[in-house]
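This briefing covers side-chain packing and charged contacts in one protein chain. The sequence and coordinates come first, and the notes follow by topic.

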Amino acid sequence: QVQLVESGGGLVQPGGSLRLSCAASGRALSDYALGWFRQAPGKEREFVSAISRTGAVTFYADSVKGRFTISRDNDKNTVYLQMASLKPDDTAGYYCAGAVATSTHTYYSDKRDYHYWGQGTQVTVSS
């Protein structure tokens with residue numbers, strides 16, 4: 001199975017940018033469709049973005065569309081989330097997740113489809 005470790009979180013001012021990374025070990029990342037989710041205190045974990053095994057297909061929550069970009073480098077076993085124009089509402093713990101996918105174009109937006117999760121990285125947007 002794959003192990004996932006996120007990094008890149010921190011404190012940023014509104015309007016600023018951050019890039020999150022999620023490094024995989026234990027198994028080739030190319031076997032997995034990947035996603036980013038976030039969870040704020042007292043709230044449910046919510047979908048942010050997803051990407052297919054090859055990176056050919058991406059999908060975003062409406063709340064981040066046009067501001068966040070998901071990408072992956074299977075040679076480096078890493079998935080990224082580039083976040084721009086950050087808002088205080090983006091403050092949350094961010095988690096990457098992996099799901100075994102037989103199709104190279106499959107992606108998942110439902111957290112129940114993911115079997116592997118990282119430990120999360122905190123993003124705080126505040127002035």
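Which residue forms a salt bridge with R67? The partner is D90, with the closest N and O atoms 2.8 Å apart. The model is a predicted one. In it there are 6 salt bridges and 8 aromatic pairs, and the largest nonpolar core has 35 residues.

**Salt bridges**

- The bridge between D90 and R67 links distant parts of the chain, 23 residues apart. D90 sits in the loop between β8 and β9, while R67 sits in the loop between β6 (58-60) and β7.
- Both residues of this pair, D90 and R67, are buried.
- E46 is bridged to R38, and their closest N and O atoms are 2.6 Å apart.
- The two ends of the E46 and R38 bridge fall in separate accessibility classes: E46 is partly exposed at 36% relative accessible area, whereas R38 is buried at 6%.
- R38, E46, R67 and D90 are linked in a network of salt bridges.
- K65 forms a salt bridge with D62, with 3.1 Å between the closest N and O atoms.
- In that pair, K65 is partly exposed, with a relative accessible area of 48%, and D62 is exposed, with 66%.

**Surroundings of R38**

- R38 is placed in strand β4. R38 counts as buried because its relative accessible area is 6%, and the class requires a value under 20%.
- Two polar contacts of the R38 side chain can be listed: one with the side chain of E46 at 2.6 Å, and one with the side chain of Y94 at 2.9 Å.
- Apart from neighbours within four places in sequence, R38 is in contact with E44, R45, E46, V48, S63, V64, F68, D89, D90, A92, G93 and Y94.
- R38 and C96 are 58 residues apart along the chain, and their C-alpha atoms are separated by 8.7 Å.

**Q39 and R45**

- Q39 also has its place in strand β4. Its relative accessible area is 29%, so Q39 is classed as partly exposed.
- The side chains of Q39 and R45 are joined by a polar contact of 3.2 Å.
- Beyond four places in sequence, Q39 touches E44, R45, A92, G93 and Y95.
- The C-alpha atoms of Q39 and M83 are separated by 16 Å, with their positions 44 residues apart along the chain.
- R45 lies over the faces of two rings: that of Y95, at 3.7 Å from the ring centre, and that of W117, at 4.9 Å from the ring centre.

**Aromatic rings**

- Ring pairs join F37, F47, F59, Y107, Y108, Y114 and W117 into a cluster.
- W117 belongs to this cluster, and W117 is also one of the rings with R45 over its face.
- F59, another member of the cluster, offers its backbone oxygen to the side chain of S49 at 3.0 Å.

**Nonpolar core**

- In the largest nonpolar core, of 35 residues, those with the most contacts inside it are L4, W36, F68, L81, M83 and Y94.
- The elements that give two or more residues to this core are β3 (18-25), β4 (32-39), β5 (46-51), β7 (68-73), β8 (78-83), β9 (92-100) and β11 (121-125).
- Strand β9 gives the largest share, 5 residues.
- L4 touches C22, A23, A24, L29, C96, A97, G98, Y116, W117, G118 and Q119, with residues up to four places away in sequence left out.
- Y94, listed among the core residues with the most contacts, is joined to R38 by the side-chain polar contact of 2.9 Å.

**S49**

- S49 lies in strand β5. S49 is buried, with a relative accessible area of 0%.
- Which residue's backbone oxygen does the side chain of S49 reach? That oxygen belongs to F59, at 3.0 Å.
- Leaving out neighbours within four places in sequence, S49 is in contact with L34, G35, W36, F59, Y60, I70 and L81.
- Among these contacts of S49 are W36 and L81, both listed among the residues with the most contacts inside the core.

Technical notes: Residues are numbered from 1 along each chain as its sequence is written. This is a predicted model: local features need pLDDT of at least 70, side-chain atom pairs count only at pLDDT 80 or more; totals for chains, interfaces and linings use all residues. Side-chain values use heavy atoms; hydrogens and water are left out. Rings of Phe, Tyr and Trp (its six-membered ring) pair if their centres lie within 6.5 Å; planes under 30 degrees apart count as stacked, over 60 as edge-to-face and the rest as tilted. A charge sits over a ring if NZ of Lys or CZ of Arg is within 6 Å of the ring centre and within 35 degrees of the ring normal. A nonpolar core is a set of buried Ala, Val, Leu, Ile, Met, Phe, Trp, Tyr and Cys residues joined through side-chain atoms within 4.5 Å. Buried means under 20% relative accessible area, exposed over 50%, partly exposed in between (1.4 Å probe, protein chains only). Helices (H or I, at least four residues) and strands (E, at least two) are DSSP runs, numbered from the N terminus. Contact means heavy atoms within 4.5 Å. A salt bridge is a side-chain nitrogen of Lys or Arg within 4 Å of a carboxyl oxygen of Asp or Glu. A polar contact is a pair of N or O atoms within 3.5 Å; within protein, one must be able to donate a hydrogen and the other to accept it, and residues adjacent in sequence count only if both atoms are side-chain atoms.
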